[in-house]
Amino acid sequence: MRRLRNVKIVATLGPASNDYATIRALFEAGADVFRLNMSHGSHDDIRARHQMLRQIEADTGTPVCILADLQGPKLRVGTFANGSEELVERGRFRLDLDPAPGTAERVNLPHPEIFAALEPGSSLLVNDGKIRLEVADCGPDFADCIVTVGGTISNRKGVNVPDVVLPLAALSEKDRRDLEFVCELGVDWLALSFVQRPEDVEEARSLARGRAAILSKIEKPAAVKAYDAILAVSDGIMVARGDLGVELPVQAVPPIQKRLVRGARAAAKPVIVATQMLESMIDSPVPTRAEVSDVATAIYEGADAVMLSAESAAGSYPIEAVMTMNNTAISVESDPVYRDIIEASRAAKRASVADAIVAAAREIAETTPIKAICCFTQTGKTVSLVARERPRVPILALTPLVETARRLSLTWGTHCVVTAPQERFKGAVICAARAALSDGFAQEHEQIAVVAGVPFNVRGTTNILRVAPCDERLIYSGDPE
C-alpha cells in the first residue's frame, strides 16, 4: 500500500483497537507501525494482537512493523492508612523503607536504590510532578523532605528523580521476561524505557541477540546528557516527551526535541516523536489546533515517525486520530517551506563510499526527472543512508529478508518490498523497475535510480548507482550484465 507522505505513523494498540477489523482499519487509515505496550495487557493479549498484525500483513501483501515497548522500572510510593493525605507547601514529609501504611508525615518508598543516590538538595517528583519535594536530609533508608509544591498524595503514585542517575538497570525482571517473550514471538523493534546510560542499551541488545532492533526512549535528564553515547549504541530513538516534561521544565522540552531529532537524523537512525500528540482525540473526534501544530512541528523537523498512544489504544476515535495524523503529514509535506527546512537541516556526511553513493542518488533526484530511488539491501543500512538525505522522491527498499523490510517500515520515506534474492546487477535493475511500476511509483517511459552493492547479498558493499529506464526492453538491450 503506497502512502502519499514520507513520515511514518505509529499507532498503539489497546482496548479500543483489539480486533482484526479495527486494526485493519487503522492500517488502511495510515498506520505504518503498531506499538504493543508491555505495561498493559497479558502475554496472551500481546500474542493475539501480534497474530492479527501478521494476518493483516499476509492479507495486504505489505510488510507490517511491530514495536514492543518495554515498561521499565516503576518507582512508586506505598499505601496510606487513609488512602491519601494532603501535603502542604513548606511542610515536612518523610520517605522511608518502613512498610507500615503512610500518614500525613511519612510514607514507604520501597526503593533503597533511590536513597543510595539522593543528596541534600535533590528533587523528588510525585504523581507526574504534581507534588514536588526537596531533600533536606537523607540516609540509606530515609529522605526527609520539604514540600515545595503541595497537593494530594495517594496510594502507589509514581516517583521521578530528575537530577540524579539512579543505580537501577533499565530492565526489571518483568522487562526481561517480556523481552524474551516478544523476541520469540517475532517483533521488529524493542523500545527500551528508563535509559540513563549506553550500558542500558547494550544490556538489552545482548538479551535480544539480534532478534529485534533496539530503540532507546529518551525520557530522563541523564539520557539527554548522555545522548550522543546512547545514540551510538542504539538502532533508533524515541523522544518520550511525557516523562521529559515531568523531570525537566516544560519549556526545555521543545529545544531538546529538536536536538534529539537532528542527532538521530545525522546518524541515519530513525527517530519517533511521541506522547500527547493528539491527546484531546481520546474523547473528541477532532483535535485542537495546537495539537495539529505540534504534529506538524515534528514533521517539519524531519522526524521519521509520529506516535499515537492512548488516542489509538484507549480512545473513542482511534481511526480518526490516525486519519488526522495522515492528513496533517500530507499537508505539511506539500508545503514548499517543508522542503526548505528539511534541506537546510541536512547534515552533510561523506565518510565512506556508501555515503557518497547515496548523496549522489539524492542529487540526481533533485536535478533529473527520476521517479524513485530503489535500494537493494540486506540489513537496511543502505536505505537508512538514503533516508538520511531526505530525497524529494520516494525510496523503494528492496530486500529478500522480510525481517529487514518490516524494520525499515519505521524509516522516513521508505516503501518496503520483499523480493527474490538477486545475483546479478541486471536482474536487480529489472526487479527494481517492476516494483516501481507495479506499486505505482513510475510509468514505463520513466526512469529510476538503483542503488546496490556488488557482489550481491554481502553486507556493507553499497558501491553502485545506476539511472535506469523502467522499460524492460531498454534494460535488456542497454544495461551491462
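Two strands count as paired if DSSP finds at least two bridges between them, and the strands themselves, like the helices, are DSSP runs numbered from the N terminus, with E over at least two residues for a strand and H or I over at least four for a helix. The model is predicted, so that local features need pLDDT of at least 70 and side-chain atom pairs count only at pLDDT 80 or more, while totals for chains, interfaces and linings use all residues. Residues are numbered from 1 along each chain as its sequence is written, and side-chain values use heavy atoms, with hydrogens and water left out.

**Exercise 1.** Determine which strands pair with β16 and how its two faces are covered.

*Solution.* Start with β15 (residues 271-274), which runs parallel to β16 and is joined to it by two bridges, with V273 standing opposite V306. Next take β1 (residues 8-13), which pairs with β16 in the parallel sense over four bridges; here V10 stands opposite M307. In a regular strand the side chains alternate between the two faces of the sheet. In β16 (residues 305-308), A305 and M307 lie on one side and V306 and L308 on the other, and all are buried, that is, under 20% relative accessible area with a 1.4 Å probe and protein chains only. Finally, β15, helix α10 (residues 289-301) and β16 make a right-handed β-α-β unit: with the strands pointing away from the viewer, the path from the first strand over the helix to the second runs clockwise.

**Exercise 2.** Establish the strand order of the five-stranded open sheet and place helices α15 and α17 on it.

*Solution.* The order is β19-β18-β17-β20-β21, with mixed pairing; the edge strands, β19 (414-418) and β21 (462-469), each pair on one side only. Within this sheet, β17 (residues 373-376) and β20 (residues 447-453) pair in the parallel sense over three bridges, and I373 has A449 as its bridge partner in β20. Helix α15 (residues 381-388) lies across β17, β18, β19, β20 and β21, at about 150° to β17, where angles run from 0 to 180 degrees between N-to-C directions of axes fitted to C-alpha atoms, for helices over the stretch in contact. Helix α17 (residues 425-438) touches β17, β18, β20 and β21 (contact meaning heavy atoms within 4.5 Å), and its direction makes about 135° with that of β20.

**Exercise 3.** Explain why C65 forms no disulfide with C416.

*Solution.* A disulfide is a pair of cysteine sulfur atoms within 2.5 Å. The closest cysteine sulfur to that of C65, in C416, is 8.7 Å away and therefore too far for a bond. A search of the whole structure finds zero disulfides.

Notes:
Buried < 20%, exposed > 50% of the residue type's maximum accessible area, 1.4 Å probe, protein only.
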